[in-house]
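Some terms used for protein models rest on fixed cut-offs. The questions below ask how such terms are earned here.

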Amino acid sequence: MGQRIRQRRRELGLTQADLAGAEYTKSFISQLEGGHADPSLDTLRFLGRRLQLGLSTMAGDAVDQRLSMLTGLVAWAEDAARGGRLDAARRAIELVREIAAPGGADLHAAEALLLLADLELRAGQPERAQAALDEAARLPYSPTSRVGARLALTAGRLALRRGDAGAAASWFRRALGGLRRTVRHPDLGVQALLGMAAAATQSGEPRQARRRLQSAVALAKRHGLDAWGARALVRLALVHRLEALSEEAAAALTEAARLLRDADEPRARLEIALARGLLALERGGSPDPVPLLQEARDLAARLGDRRVEFAATVGLARAALASAQLEQASDLSGDVHALAEALDDGVARARADALAGRVLAARGRHAEASYVLAGAIAALRASDFSDELAEAAAAAAESAQDGGDSELADRYLVLAAEARQLGAARWPIELPF
């Protein structure tokens, strides 16, 4: 290694004193190049930066160099995904899979596949996510390793997306159990607790969800994981809302925003903006939900998260309808339809149709509105979107009344009242993690 350091130093035209800089001495560099000093990892990193060499290149082992390359590619793909550069992240993932395959670098391949599954979930493609997860599961891994925990977390997220809260809870418990045995990876521990809370909420158990989220907040704070702590607080605010604790909900969102005051964490900021915007919309516009929902929409588009982009765009359209801005509502309704098609989700299409029907009703085109709203209402009755069902039913009642069918109008009004009452016990907001 000393010879390789000397050779590279000379290639760059550096003296031993130049390489030592202010941190080390010329004598130390001389001893290192002569093989008489044993450098620490920090020293090697310092020298690597000065010499523009990777650690494995200084060590000189071809296998180490290959593994170092894979490690760097996975890290680069994760960074690209966090910044919303999804095409670049996908290209890096494919390169990792190509390089890892011949040499049995199973750990790196599994990490790349799990990142790919996360990207597919964000893009609203659960089947593609399942395919990536299945491929990762076929590789050798330890259930108590970081890869094993991430695999269980991804499987839990897929189960949540499919509405199977029981299976999701089982996967999240499995992830948490493996992590507790190793007492490592607190970030994954927080994620497992968030998943268990989401499963409990989906099962109608807000108290259990609250306990899991409080544990997640405490774990995140203990390890300085501000972004994960903020995301746990957002979900805690939603549970407080289900429990009719509006002050506690507002306090949790304020604390989440405080944690991220100086942090560059777009995912957490997205979730805070979406939660605050939808809460304001529900309360009747205080504070103004539009800038909050627009911020959430922009961040979701940047991060490639179509489901959250869809939720924010629906919120913006509802706000436009509430303020009688029909042109804007119509444009946003078109965006909602396009996103629903991209998600290929039946409930999303029903929500898009409900918006379109409400726009038609607001424009006085009641015959068309009645037709569109009837189908949307039938689908929404089997979903958790009670507030949107209530709004669609109210618009359908107005259209039925305009068509002279008072009996049908009365039935829709009863449905609207029932949905509003049910909406107080549900708040369907999709916040994947």
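Q: Why are helix 15 and helix 16 called roughly parallel or roughly antiparallel to each other?

A: This is a predicted model, in which local features need pLDDT of at least 70, side-chain atom pairs count only at pLDDT 80 or more, and totals for chains, interfaces and linings use all residues. Residues are numbered from 1 along each chain as its sequence is written, and side-chain values use heavy atoms, with hydrogens and water left out. The axes of helix 15 (residues 246-259) and helix 16 (residues 266-283) come within 10 Å and cross at roughly 150°. Angles over 145 degrees count as roughly antiparallel, under 35 as roughly parallel, 65 to 115 as roughly perpendicular and the rest as oblique. The two helices are therefore roughly antiparallel to each other.

Q: Which residues make the contact between helix 15 and helix 16?

A: Contact means heavy atoms within 4.5 Å. Helix 15 contributes Ser246, Ala250, Leu253, Ala256 and Ala257, and helix 16 contributes Ile272, Ala275, Arg276, Leu279 and Arg283. By class, seven of these residues are nonpolar, one is polar and two are charged.

Q: What makes a set of residues a nonpolar core, and which residues have the most contacts inside the largest one?

A: A nonpolar core is a set of buried Ala, Val, Leu, Ile, Met, Phe, Trp, Tyr and Cys residues joined through side-chain atoms within 4.5 Å; buried means under 20% relative accessible area. The largest such core has 46 residues, and Val190, Leu194, Ala230 and Leu233 have the most contacts inside it. Helix 14 gives the most to this core, with 10 residues. Another core, of 33 residues, lies apart from it and includes Ala80, Ala81, Ala112 and Val147.

Q: What is leucine 233 in contact with, leaving aside its neighbours within four places in sequence?

A: Leucine 233 is in contact with Val217, Ala252, Glu255, Ala256 and Leu259.

Q: Why does alanine 244 count as buried or exposed?

A: Exposed means over 50% relative accessible area, with a 1.4 Å probe and protein chains only. Alanine 244 has 67% relative accessibility, so alanine 244 counts as exposed. Its place is in the loop between helix 14 and helix 15.

Q: What is the phi of alanine 244, and what is the phi of aspartate 344?

A: Most residues other than glycine have a negative phi. Phi of alanine 244 is near 60°, a positive value. Phi of aspartate 344 is near 55°, also a positive value in a residue other than glycine.

Q: Why does aspartate 344 count as buried or exposed?

A: Aspartate 344 is at 58% relative accessibility and therefore counts as exposed. This residue lies in the loop between helix 19 (326-343) and helix 20 (346-362).

Notes: Axes are lines fitted to C-alpha atoms, for helices over the stretch in contact, and angles run from 0 to 180 degrees between N-to-C directions. Helices (H or I, at least four residues) and strands (E, at least two) are DSSP runs, numbered from the N terminus. Ala, Val, Leu, Ile, Met, Phe, Trp, Tyr, Cys and Pro count as nonpolar, Asp, Glu, Lys and Arg as charged, and the others, Gly among them, as polar.
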